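Okay, thanks for coming, everyone. I'll walk you through one protein today, and I'll try to keep it friendly. Have a look at the picture while I talk.

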Amino acid sequence: MKDQYAFPAPESLIRINLTSASALPITKGPVIEGSVDIYIDGQLFSKPVHVDVQWATSAAYAKKNLNLAFFTDTTYKDTVDLKIGDVKPHDEWTFKANWIDATHVRNTMNYNLWADLVDTRTGWPQREIDFSYVGKVGAAGMATGATAYPQGYPCVMYFNGEFYGIGDLMLGKKRGNYNIAKNDPTNILFGLDDATVFENLSP
């Protein structure tokens, strides 16, 4: 069974200490190896990590959006899931720090406002993700914890001991957070921001 580490929703700023013998990638594509210590309200999550740039547009700025993929050991073979608060567990989280949104407050605030908005709806289906359960029975009809929008928590990141930037540690547009099956051609997500499409892709 895959290892999973779970933490309550943080009440203070998350601190990420990222360490690597390699320089951080500056373009989308290259992946470096390293280790990461993530401090959440005094608790520590420490694992080997793969790091790469998320989205090509992020690479144009000095501060990058960085994917952090967690592994059990330095063979970088078996992944580890991290769960924080109500966010669905996943083996890859993103340090999201858009250069044009210096504190990354606007991005996360809008997702939180959306969550508050849909929670005011009465009846069921209430949230957009609820439609993925309609007509299904048994395990297929049970809630998975998916929200159908990215979630995250404020954080600060250091790279090799030097301050890198502030942002959010987020679960991005991952298949599992949208209840999209791996090999079902009827399960498709179109992202209106850049026409993101999930269709018969590996997770």
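Let's start with one residue, Lys83. Setting aside neighbours within four places in sequence, Lys83 is in contact with Gln4, Tyr5, Ala6, Phe7, Pro89 and Trp93. You'll find Lys83 in strand β6. Is Lys83 buried or exposed, or somewhere in between? It's partly exposed, because its relative accessible area is 22%, and the buried label needs a value under 20%. Now put a finger on Lys83 and another on Asn160: the two are 77 residues apart along the chain, and their C-alpha atoms are separated by 25 Å.

One thing to keep in mind: this is a predicted model.

Okay, let's zoom out. How many helices and strands are there? The protein has one helix and 11 strands. If you read along the sequence, the pattern goes β-β-β-β-β-β-β-α-β-β-β-β. As for overall dimensions, the C-alpha atoms fill a box of roughly 50 × 35 × 35 Å along the principal axes. The radius of gyration is 17 Å, and a compact globule with 203 residues would come out near 17 Å, so the two agree. Of those 203 residues, 45% are buried. And here's one about folding back: if you take contacts with a separation of 6 or more, 53% of them are between residues 24 or more positions apart.

Next, the inside. The largest nonpolar core has 31 residues, and the ones with the most contacts inside it are Ile14, Ile16, Leu18, Ile38, Phe70 and Leu169. Many strands chip in: β2 (14-19), β3 (32-40), β4 (43-53), β5 (66-70), β6 (81-84), β7, β8 (151-159) and β9 each supply at least two residues of this core. Take Leu169 as an example. Leaving out neighbours within four places in sequence, its contacts include Ile14, Ile16, Ile38, Leu68 and Ile84. Leu169 is also in contact with Trp93, Thr94 and Phe95, and with Gln151, Gly152, Tyr153 and Cys155.

From the core, let's move to a pocket. Rolling a probe the size of a water molecule over the atoms shows where empty space is left. In this protein, the second largest pocket holds about 400 Å³ of space. Which residues lie nearest its centre? They are Gln54, Trp55, Asn65, Lys96 and Asn98, out of 22 residues that line the second largest pocket. By class, that lining has nine nonpolar, eight polar and five charged residues. Three elements each give at least two residues to the lining: β7 (92-96), α1 (105-118) and β9 (162-171).

Speaking of α1, that helix is where Asn107 is found. Asn107 has a relative accessible area of 18%, so it counts as buried, given that buried means under 20%. Apart from residues up to four places away in sequence, Asn107 touches Asn98, Asp101 and Met170.

Now some loops. Thr72 is in the loop between β5 and β6, and it's partly exposed at 26% relative accessible area. Thr72 and Lys47 are 25 residues apart along the chain, yet their C-alpha atoms are separated by 6.6 Å. Lys47 is also one of the residues Thr72 touches, together with Asp3, Pro48, Asp78, Thr79 and Val80, again not counting residues up to four places away.

The loop between α1 and β8 is my favourite stop. Tyr133 sits in this loop, and at 8% relative accessibility Tyr133 counts as buried. Where does its chain come back around? Tyr133 and Ala143 are 10 residues apart along the chain, with C-alpha atoms separated by 7.5 Å. Beyond residues up to four places away, Tyr133 touches Trp124, Ala140, Gly141, Met142, Ala143, Thr144, Gly145 and Asn179.

Two of those partners lead us to some backbone details. Trp124 is joined to Pro125 by a cis peptide bond, with omega about 5 degrees, and Pro125 lies in the loop between α1 and β8. Asn179 has a phi near 55 degrees, a positive value in a residue other than glycine; Asn179 lies in the loop between β9 and β10 (189-191). Ala148 also has a positive phi, near 70 degrees. Ala148 is in the loop between α1 and β8, and with 24% relative accessible area it's partly exposed.

That's my tour, so go ahead and ask me anything.

Conventions
Residues numbered from 1 in each chain as written. Predicted model: local features only at pLDDT ≥ 70, side-chain atom pairs only at ≥ 80, totals over all residues. Heavy atoms only, no water. 1 Å grid on protein atoms, 1.4 Å probe; cavity = no way out; pocket = protein on both sides within 12 Å on 5 of 7 lines; lining within 4 Å. Points joined across faces, edges and corners; volume = space filled by probe spheres on them. Helix = DSSP H or I, 4+ residues; strand = E, 2+ residues; numbered from the N terminus. Nonpolar A, V, L, I, M, F, W, Y, C, P; charged D, E, K, R; others polar. Core = buried A, V, L, I, M, F, W, Y, C linked by side-chain atoms within 4.5 Å. Buried < 20%, exposed > 50% of the residue type's maximum accessible area, 1.4 Å probe, protein only. Contact = heavy atoms within 4.5 Å. Rg over C-alpha atoms; globule rule 2.2 N^0.38 Å.
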